[in-house]
Amino acid sequence: MALSARREDMLHVLESLGMELPSSTKMSEERLKSKISKALDYAQLFSKRLPSSTLEVASLDTWKGQLGRAFHPGNAMEGMRMFQVFQSTGEAPSQEKNILLNLRETLSAMGQIQDAGEAVLMIKDADEQSVILLRILDVFELNAKTPVMILLYDRTLPGESKSSNFEFVAASPAERMAVVVMSIPSQRLLLRLLSLNSHRIASSYKPIRQPYEKDYQLSFVMPTGPLSMRDLGTLNEEKGCELCGKHATKKCTGCESVTYCSKACQAEAWPLHKQTCKDLSQGTWTTMRFLTGAEALPLAGEPNINRFSRFDDVDEETTLPIGPPQNVHGGKRFVVKIQVNMGSSRVYDRRLSLDFFLSAQRDPVNYMKLCIAAGTGFKGLKCYRWAKRVSDWELSICLDRPLPQDPKW
């Protein structure tokens, strides 16, 4: 298998990250790379931790806590999967299939190695076809919960003979160089992360390098976790043209759920889109007016925390919006989740751009319609349907047309 980041490799990475792309997609390699970069920034909470987009190292204090635990954030879904696999096989789940998890485990291992007083690592695949040499320079504190590791790195491929890398290895006694095994796809993802962050360190930061490190890349890593429901929703909805991923302006007039960049792409995608288009155009749409969480008892004040919510990012999830949410979908139809209980129902999109409630006491007719729809789904309590934003507090929902399969939510 070639070591270059081929198109099928990028599609495999995006699939492992939770992206829903048809195998027939013609999305360009540049767009695929952009999607991977965006997913990595979501995974490291980049915009929240570094809103200025630049790491000003000089303004940071030294990190004083343990790195291994700080570099291993997770969520309930991940914990449940690991427990289920361990129960059935007695072994920890293989990380070869989950490229992001393999990357995160490597970052956690780097933290543990630094905790043990070591700073030099060799990251390689099982067949030693790809090797990354890395030295941790410093660890600083972004905030009380977030360390940032500054490092130098270089990669070696078969057939390459870099004297600098021979010197790097020779300068580090074998007992002081930690070795981490990492699959080649996960190495590519790590290199993409390091490349992204290498451009984000303030130019004023000039670390001391060994002579053989003069051509090594300077970068940093932060705790990197699983993608949240909001992240997955944003990545899967911001696809551009349904077929090729380019900027799209032509909406399917039959269902209003997908967009295309041209009539040619629309015609080519029609065989796959035909059934969904028919279902949505012939379905029965019901308009409902919803409430805020504070208005709809007994769910008042409950944050939308779910199995995909990260343990190190709960502040964002527990903040309830004030006033009508922004309409990020425009006139396009989108998928919502409907959940019901004894007194109310909750309807929200995967990005959590809207999180609406409907009270059984105030609107018993529509509450019963939502209960009937939810009865067709998981344990009779929740289901997925297509919806369209009608006004600040109104949605039109296609209740009689279930999705062919539940989305990744």
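The protein chain has twelve helices and 14 strands in its secondary structure. The model is a predicted one. Of the 409 residues in the protein chain, 51% are buried. Its exposed surface comes to about 20,100 Å², with carbon and sulfur atoms supplying 53% of that area. Among contacts in the protein chain with a separation of 6 or more, 70% are between residues 24 or more positions apart.

A starting point inside the chain is strand β2, which covers residues 120-124. This strand is mostly covered, and five of its five residues are buried. In a regular strand the side chains alternate between the two faces of the sheet. In β2, one side carries Val-120, Met-122 and Lys-124, and the other carries Leu-121 and Ile-123. Both of these faces are covered, and all the residues named on them are buried.

Strand β2 has partners of two kinds. It runs antiparallel to strand β3, residues 131-143, and five bridges join the two. Within this pairing, Met-122 stands opposite Leu-133 of β3. The hairpin of β2 and β3 has six residues between the strands, and in it Glu-128 takes a positive phi near 55°. Strand β5, residues 177-181, runs parallel to β2, and five bridges join this pair. Here Lys-124 of β2 has Val-181 of β5 opposite it.

Helix α6, residues 99-115, contains Ile-113. Is Ile-113 buried or exposed? Its relative accessible area is 13%, and because buried means under 20%, Ile-113 counts as buried. Not counting residues up to four places away in sequence, Ile-113 touches Glu-118, Leu-121, Ala-178 and Val-180. Leu-121 is one of the residues of β2 described above. A further distance places the helix residue against another part of the chain: the C-alpha atoms of Ile-113 and Ile-136 are separated by 9.8 Å, with their positions 23 residues apart along the chain.

The next residue to look at is Thr-146, in strand β4, which spans residues 146-156. Thr-146 is buried, since its relative accessible area is 4%. Which residues is Thr-146 in contact with, leaving aside its neighbours within four places in sequence? They are Arg-49, Trp-63, Phe-140, Glu-141 and Pro-223. The side chain of Thr-146 also makes a polar contact of 2.9 Å with the side chain of Asn-143. Asp-312 is 166 residues away from Thr-146 along the chain, yet their C-alpha atoms are separated by 9.1 Å.

Burial is found in a loop as well. Arg-200 is placed in the loop between α8 (184-198) and β6 (217-221). This arginine is buried, because its relative accessible area is 13%. With neighbours within four places in sequence left aside, Arg-200 is in contact with Asp-41, Gln-44, Phe-46, Ser-53, Thr-54, Leu-55 and Phe-220.

Strand β9, residues 285-289, has one covered face and one uncovered face. Thr-286 and Met-288 make up the covered face, while Trp-285, Thr-287 and Arg-289 make up the uncovered one. The partner of β9 is strand β14, residues 394-398, and the two pair in the antiparallel sense over five bridges. Thr-287, on the uncovered face of β9, stands opposite Ser-396 in β14.

The last subject is empty space. Rolling a probe the size of a water molecule over the atoms shows where empty space is left. The largest pocket holds about 1,300 Å³ of space. Its lining consists of 42 residues, and Glu-20, Lys-239, Glu-242, Val-258 and Trp-386 lie nearest its centre. At least two lining residues each come from α9 (229-237), β8 (259-260), α10 (263-282) and β10 (334-340). Which element supplies the largest share of this lining? It is α10, with five residues.

The structure also holds one cavity of 30 Å³ or more. About 60 Å³ of space lies in the largest cavity. Its lining is formed by Thr-276, Asp-279, Leu-280, Trp-386, Arg-401, Pro-402, Leu-403 and Pro-404. Helix α10 again gives the largest share of the lining, here three residues. Trp-386 lines the largest cavity and is also among the residues nearest the centre of the largest pocket.

Technical notes
Residues numbered from 1 in each chain as written. Predicted model: local features only at pLDDT ≥ 70, side-chain atom pairs only at ≥ 80, totals over all residues. Heavy atoms only, no water. Buried < 20%, exposed > 50% of the residue type's maximum accessible area, 1.4 Å probe, protein only. Helix = DSSP H or I, 4+ residues; strand = E, 2+ residues; numbered from the N terminus. Pairing = 2+ DSSP bridges. Contact = heavy atoms within 4.5 Å. Areas by Shrake-Rupley, 256 points an atom, 1.4 Å probe, with all protein chains shown as cover. Polar contact = N/O pair within 3.5 Å; in protein donor to acceptor, adjacent residues only side chain to side chain. 1 Å grid on protein atoms, 1.4 Å probe; cavity = no way out; pocket = protein on both sides within 12 Å on 5 of 7 lines; lining within 4 Å. Points joined across faces, edges and corners; volume = space filled by probe spheres on them.
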